[in-house]
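Okay, thanks for having me, everyone. Let me put the structure up and then we'll walk through a handful of spots together.

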Amino acid sequence: MNDAKVQIGVNKLGHHVQSSQNRLLIKGGKVVNDDGIQEADVYVEGGVIKQVGTGLLTPGGVRVIDAAGMLIMPGGIDPHTHMQMPFMGTHSADDFYTGTRAALAGGTTMIIDFVACPRGDSLMDWYNKYRAWADEKVCCDYGLHVIVPQWGDKTANEMATLVKEKGINSFKCFMAYRNVFLLEDDEMLNVFQACRKLGAVAQVHAENGKIIERKAEQLVADGIRGPEGHSYSRPEAMEIEATTRALAIADEANCPLYVVHVMSAEAGEAISKARRRGQVCYGEPIAAGLACDNSSYQHTCWRHAAGHVLSPPLRDPSTKERLWRMLATGELTCTGTDHCVFKADQKALGKDDFRRIPNGVNGVEDRMSVLWEKGVETGILDPCQFVAATSTNAAKVFNLYPQKGRIAVGSDADIVVWNAKETRTISAKTHHQNVDFNIFEGMVCHGIAEFVISGGRLVVDERQLKVTQGAGRFVPMPAFPPYVYNRLEKREAAKSAGTVAVARDAYDGPVIDLKAEQERQKAAAKEQPGAAGGGGGPEAAAENVFHRPPTRGGGRHMQESSFSLSGAQFDDTKPARSGIRTHQPPGGASSGSLW
């Protein structure tokens with residue numbers, strides 16, 4: 001807490017006591033929301049936006065922030081992080097303090113982390129554990145998703161409690177990591193059906209984990225043990241197949257589906273096609289997949305290659321452009337980071353076997369700048385689309401809107417004053433993330449968070465970070481987000497309308513008595529000559545079952561056969577014919593017209 005420059009008192013109820021720093025006037029900038037841009041000032045008091053417009057009347061003693069020439073945008077929402085997550089026998093290096101501190105430095109004012117519950121444990125116990133970890137450390141607001149590692153009555157009951165009482169509205173299923181997180185298709189269907197009933201959003205890590213496991217075993221057997229093996233073992237086809245399968249299962253359950261970290265363009269296309277069919281589903285590309293590619297796995301420095309290991313892995317260079325185009329057209333919805341960092345000595349657990357390299361890369365601090373540089377500066381996105389992709393859409397999907405994700409009266413004062421003209425160079429030497437490597441190392445980005453306001457508190461002041469540990473709060477995410485469920489319920493009604501019983505007369509004919517038929521066949525077999533006990537063998541039994549005369553007259557009844565197990569044919573008693581006259585031999589007659 002040595003860098004905590006702005007201290008805000010907390011009363012016994014846990015509410016932040018208002019100070020002069022809680023009254024802020026942002027003047028001279030352009031307000032950017034997902035649906036438009038306007039020149040306006042913004043007045044903040046008590047953690048909430050009180051006024052938006054020009055010529056605002058404000059009380060004395062207000063801190064004025066000069067935003068001339070800059071953009072006033074909703075703070076970023078990163079919907080996919082893993083702070084201090086237990087994984088592969090260690091923990092991710094960023095905890096809820098260092099991780100949220102880094103997020104604020106880059107203009108992100110809320111994260112949604114994942115409760116990683118081990119198989120066999122209680123979802124509720126791990127939810128409480130994550131709350132205890134986070135509440136005392138977070139510098140910005142946060143929410144939680146919950147990973148479902150198994151299915152059963154206890155899981156179903158705990159999911160209901162988490163939704164109804166604990167502010168959880170999303171649950172994640174894994175299709176990879178067998179014996180740790182992987183769910184079978186029927187288990188996933190159960191989770192999706194439970195989400196649909198509870199008004200939650202189902203999430204999925206889409207990779208065919210069983211095939212990946214087999215491929216990894218073969219690669220190691222063939223002597224490939226470096227980080228490149230991670231990429232080889234998880235081909236794009238395994239992500240495409242799993243994404244398509246998850247979409248089909250979610251469609252069957254009529255459950256909204258959010259596909260995390262879409263790394264494959266073809267997987268993105270599968271989501272896009274499902275959306276065009278009317279399915280309620282969303283795709284989340286991440287900063288790493290939009291800015292990096294799989295060439296890093298061929299780097300001769302082991303640390304560099306291992307530093308890019310995440311799942312699904314980075315893809316070929318052409319993938320980035322295709323993902324960007326889908327993000328620009330709305331086929332993909334949100335951007336996250338899957339921020340889950342491990343230091344060099346932790347990555348080194350897999351120095352002799354790529355399967356033991358902890359999966360994860362950085363991004364929570366750099367996402368906003370990287371997406372501005374690669375998206376807005378290149379003309380792929382406009383500033384409104386940028387706001388949608390980095391903040392508003394996530395707020396809508398997870399039912400935080402318009403509390404979050406918007407500059408409007410009554411919304412939370414989570415604001416970034418964005419200097420789009422200035423640049424910064426990303427480096428592990430200067431970033432605030434608790435890791436010794438940065439996958440965006442050396443990237444020069446336009447777009448700097450000049451000022452950041454989190455919950456009404458000025459936490460970045462002219463690029464200087466001033467945070468307070470524990471100043472953030474847990475934000476409950478209510479069930480049945482309208483952005484998701486309004487359309488889903490209409491779609492469900494339309495599907496149900498086409499699924500009706502056909503009115504018809506009841507069948508009143510005979511029904512075979514299978515038991516009696518089996519007894520009859522046994523009795524008939526015993527009566528055949530040559531069989532044990534006076535009956536016949538298999539041939540006799542077969543002949544006794546099918547009673548019909550031999551086929552006659554050259555016409556063939558396709559359901560019958562003149563074949564006999566004895567080899568006899570129906571025309572064995574007829575004399576052989578010396579020849580057959582035909583008017584049209586093969587190839588046609590030797591003379592005359594074909595017609």
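Quick bit of vocabulary before anything else: when I say helix, I mean a DSSP run of type H or I with at least four residues, and the numbering goes from the N terminus. And please keep in mind that what you see is a predicted model.

With that in hand, let's start at helix 14, which covers residues 383-397 and is where you'll find Thr 390. Is Thr 390 buried or exposed? It's buried, because its relative accessible area is 2%, and the cut-off for buried is under 20%. Setting aside residues up to four places away in sequence, Thr 390 touches Gly 76, Ile 77, Thr 335, Arg 367, Met 368 and Leu 371.

Now over to the sheet. We've got an open sheet of 7 strands here, with mixed pairing, and the order reads 3-2-7-17-18-19-20. On the edges sit strand 3 (36-39) and strand 20 (464-465), each of which pairs on one side only. As a general reminder, strands of a sheet pair through backbone hydrogen bonds, and that can be parallel or antiparallel.

Let's zoom in on strand 18, residues 444-454. Strand 18 is largely enclosed by the rest of the structure, because 9 of its 11 residues are buried. What does strand 18 pair with? There's strand 17, residues 415-425, which runs antiparallel to strand 18 and is joined to it by 8 bridges. If you want one pair to look for, take Asn 419, whose bridge partner in strand 18 is Ile 448. Then there's strand 19, residues 457-461, also antiparallel to strand 18, over 4 bridges. There, Ile 453 stands opposite Leu 458 in strand 19. Strands 18 and 19 form a hairpin with 2 residues between the strands, and Gly 455 in that hairpin has a positive phi near 60°.

Keep going and you reach the edge. Strand 19 and strand 20 run antiparallel and are joined by 2 bridges. Asp 461 has Gln 464 in strand 20 as its bridge partner.

Next stop, Lys 172, in strand 13, residues 170-174. This one carries an annotation: UniProt, in an unreviewed entry, lists "modified residue: N6-carboxylysine" at Lys 172. So where does Lys 172 sit, buried or exposed? Lys 172 counts as buried, because its relative accessibility is 1%. Leaving out neighbours within four places in sequence, its contacts include His 80, His 82 and His 205. Also among them are Phe 114, Gln 203 and several valines, such as Val 146, Val 148 and Val 260.

For something in between, look at Trp 133 in helix 2, residues 123-135. Trp 133 is partly exposed, because its relative accessibility is 21%. Not counting neighbours within four places in sequence, Trp 133 is in contact with Gln 84, Pro 86, Phe 96 and Trp 126. Tyr 97 is 36 residues away from Trp 133 in sequence, and C-alpha to C-alpha they're 9.5 Å apart.

Last one, and we're going to the surface. Tyr 507, Val 511, Ile 512 and Leu 514 make a nonpolar surface patch of about 510 Å². Pick out Val 511, in the loop between helix 15 (482-497) and helix 16 (514-527). Val 511 counts as exposed because its relative accessible area is 69%.

That's my tour, happy to go back to any of these spots.

Conventions:
Residues numbered from 1 in each chain as written. Predicted model: local features only at pLDDT ≥ 70, side-chain atom pairs only at ≥ 80, totals over all residues. Heavy atoms only, no water. Patch = residues over 30% accessible without salt bridge, like charges linked within 9 Å, V, L, I, M, F, W, Y side chains within 5 Å. Areas by Shrake-Rupley, 256 points an atom, 1.4 Å probe, with all protein chains shown as cover. Salt bridge = Lys/Arg side-chain N within 4 Å of Asp/Glu carboxyl O. Buried < 20%, exposed > 50% of the residue type's maximum accessible area, 1.4 Å probe, protein only. Pairing = 2+ DSSP bridges. Contact = heavy atoms within 4.5 Å. UniProt positions renumbered as here; feature names shortened; annotations may be inferred.
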